[in-house]
Amino acid sequence: MNAKTADRIATVVIFAVAAFIVLLLIGLLGFILVRGISHISWDFLTSAPETIKAGGGIGPQLFNSLFLLVLTMLITVPIGVGAGIFMSQYAKPGRLTNSIRLVVEVLSSFPSIVVGLFGMLVFVQKFDIGFSLLSGALALTVFNLPLMVRITEQAMSGVPREQKEASLALGLSRWKTITSVMFPIALPTIITGTILAAGRVFGEAAALLFTAGMSSPRLDFTDWNPLSPFSPLNPLRPAETLAVHIWKINSEGLAPDAAEIAAGASAVLVITVLLFNFGARWFGRYLHRKFTATR
Amino acid sequence: MEQPAVKGQKVAFVKPHVREEWIGRIYTTLCILFLIVTIVAIVYFVASKGLSTFFKNGVNIGDLLTGLKWNPEGEPPLFGALPFIFGSFSTSLLAALIAAPLGCCAAIFMTQIMPGVGRKYLQPVIELLAGIPSVVYGFVGLSVIVPMLRAIFPGQGIGIMAGSLVLAVMILPTITTIATDALAALPSGLKEGSFALGATRWQTIYRIVIPTTLPALLTGVVLGMSRAFGEALAVQMVIGNAPHIPRSLFESTSTLTSAITLSMGNTITGSAHNNALWSLALILLTMTFIFVFIVRVLERRNHR
């Protein structure tokens with residue numbers, strides 16, 4: 001075959017694949033939104049699910065997902081940022097640092113179901129927390145920490161060397177240099193990464209099946225005392241999240257409108273994840289503009 | 001003026017900036033220690049639970065790895081996990097085979113053919129694909145791919161093929177992102193040299209660009225496979241969950257993850273069935289280590 005013809009054929013094939021991937025995403029999003037959006041209403045978003053009757057909503061699940069997200073991030077961010085700072089600033093290059101890096105890499109590639117099983121064994125059974133939001137948040141922390149560490153490490157090593165050296169030359173301690181000179185510069189990147197990580201938490205289900213549980217007790221949305229067992233804010237109650245709910249009604253849903261509920265819930269989940277994605281991009285650009293002279 | 005300075009040095013460890021330095025150092029060290037303790041704990045607990053099948057329940061490790069029958073509640077109980085192992089390997093391999101060419105083509109498009117359009121449109125598309133939760137992929141697979149396969153091929157539509165197609169879309173972003181980074185990092189001199197010799201773009205791509213970046217491209221594929229291997233819910237929803245080795249790609253079967261997902265909640269802690277499920281988790285964990293090892297080897301070759 002003529003080299004020019006081969007070049008043309010290959011170019012067409014590569015173009016076709018690129019177009020196919022774009023169409024795939026459009027088709028996926030289109031399918032989820034078209035099927036789901038007609039089912040979304042205020043009532044659907046706020047009412048409790050029904051087990052055998054039609055017309056159930058996803059109110060508690062949506063609340064659980066958001067609350068779990070906040071709990072997880074409250075635990076993940078301080079630990080992840082601390083560990084990331086250690087990796088980028090304090091760890092001396094050498095065998096020890098390399099093995100720590102390997103540990104982080106291994107942890108990030110653990111299957112989420114294994115992390116869920118670990119959570120069930122340690123948090124639910126050994127620490128005796130039971131199937132609860134707190135167990136779920138701890139399991140998700142384990143699942144999310146490596147990502148947080150990598151984000152922080154990359155953001156911190158992206159800070160210009162001169163900034164760090166100038167600060168050290170002025171006699172500031174290393175920790176002071178990190179917290180008041182380097183961290184503000186790295187912050188936009190860290191925040192963007194954190195929002196993306198949050199989107200991942202929001203959609204995670206496998207790690208939650210055996211930690212946060214698959215049931216949601218009746219919630220009393222007028223009771224805001226975190227210690228009461230019916231309060232939505234109680235972190236020690238079992239909580240089914242939106243993603244787990246989608247899985248459950250697809251595999252064992254008894255309600256006659258299970259397919260519609262799954263479609264509606266999927267649409268809500270995808271819209272939220274999209275919001276996280278676009279939010280992270282927009283916020284990252286905004287902070288970048290605000291903190292630097294570029295436009 | 002000399003005296004106070006010397007005195008100050010003597011009590012240097014309480015100087016505020018020294019103290020804050022120590023606080024920072026201790027805090028970050030504790031964070032990283034937490035991470036290390038966690039991973040050691042995961043390995044320890046999964047291994048001790050998973051190995052108790054062999055030590056406490058007296059199951060032969062060879063029987064578990066090669067046995068064809070899985071009936072832990074039967075009389076006598078049978079713990080043959082080969083169907084699950086086969087299911088996991090076949091779905092993730094097939095998914096990688098489908099996704100690898102697509103991902104590499106997308107990466108070539110983004111770096112070699114139309115970088116502007118690629119960065120502006122294809123990049124966000126890939127990122128969004130990566131962000132869609134796995135249960136949503138499972139739901140779409142169940143309501144689109146399974147009926148489609150049922151209409152075209154004999155059988156119920158569920159099975160290895162449906163699982164692989166869903167997984168292929170899920171791991172496409174992993175493969176594409178790593179391939180794109182590798183191709184973008186290629187020194188432009190190599191390509192320009194090839195063009196200067198009169199090679200066409202395609203000749204340059206498959207004689208120069210792909211061979212030079214092959215270890216990195218393979219890294220992406222292995223990472224994608226590793227993700228496919230550990231994915232639980234999306235696969236469980238479309239694979240059918242019958243515990244035997246299927247005779248075709250369109251017949252119900254199981255994977256390690258789907259078996260764990262389905263049965264873990266229904267077994268009693270400490271029972272032989274429960275421990276056997278932990279053994280499956282241990283196999284998953286071991287495979288993760290093997291995948292990470294392969295990636296490391298490939299990366300080392302890449303740096304050379």
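**Exercise 1. How far apart do the C-alpha centres of domain 1 of chain B and domain 2 of chain B lie?** Then describe the contact between the two domains.

*Solution.* Start with the ground rules. This is a predicted model, where local features need pLDDT of at least 70 and side-chain atom pairs count only at pLDDT 80 or more, while totals for chains, interfaces and linings use all residues. Residues are numbered from 1 along each chain as its sequence is written, chains are lettered from A and ligands numbered from 1 in the order in which they are written, and side-chain values use heavy atoms, without hydrogens and water.

Step 1. Set the bounds. Domain 1 of chain B covers 3–56 and domain 2 covers 78–303; such bounds come from an automatic or database domain assignment.

Step 2. Take the distance. The C-alpha centres of the two domains lie 37 Å apart.

Step 3. Count the contacts (heavy atoms within 4.5 Å). Nine residues of domain 1 of chain B touch 11 residues of domain 2 of chain B.

Step 4. Find the buried area, meaning the accessible area (1.4 Å probe) that two parts lose on being put together, summed over both. Domain 1 and domain 2 of chain B bury about 830 Å² between them, with 73% of it on carbon and sulfur atoms. B:Val46, B:Lys49 and B:Thr53 supply 58% of the area that domain 1 buries against domain 2, more than any other three residues.

**Exercise 2. Classify the ring pairs A:Phe123–A:Phe127 and A:Trp282–A:Tyr286.**

*Solution.* Step 1. Recall the cut-offs. Rings of Phe, Tyr and Trp (its six-membered ring) pair if their centres lie within 6.5 Å; planes under 30 degrees apart are stacked, over 60 edge-to-face, and the rest tilted. The whole structure holds 18 aromatic pairs over all chains.

Step 2. A:Phe123 and A:Phe127 are 5.9 Å apart, centre to centre, with 55 degrees between the planes: a tilted pair.

Step 3. The centres of A:Trp282 and A:Tyr286 are 5.5 Å apart and their planes meet at 10 degrees, so this pair is stacked. Both residues lie in helix 10 (residues 258–291) of chain A, four residues apart, about one turn of the helix. Helices (H or I, at least four residues) and strands (E, at least two) are DSSP runs, numbered from the N terminus.

Step 4. Check accessibility: buried is under 20% relative accessible area, exposed over 50%, partly exposed in between (1.4 Å probe, protein chains only). A:Phe123 is buried at 9%, whereas A:Phe127 is exposed at 53%. A:Trp282 is exposed at 52%; A:Tyr286 is partly exposed at 32%.

Step 5. Widen the view. Ring pairs join A:Phe118, A:Phe123, A:Phe127, B:Tyr44 and B:Phe45 into a cluster.

**Exercise 3. Where do A:Asp128 and B:Asn241 lie, and what are their phi values?**

*Solution.* Step 1. Most residues other than glycine have a negative phi.

Step 2. A:Asp128 has a positive phi, near 60 degrees. A:Asp128 sits in the loop between helix 5 (112–126) and helix 6 (133–157) of chain A. With 63% relative accessibility, A:Asp128 is exposed.

Step 3. B:Asn241 also has a positive phi, about 65 degrees. B:Asn241 belongs to the loop between helix 10 (233–239) and helix 11 (256–263) of chain B. With 21% relative accessibility, B:Asn241 is partly exposed.
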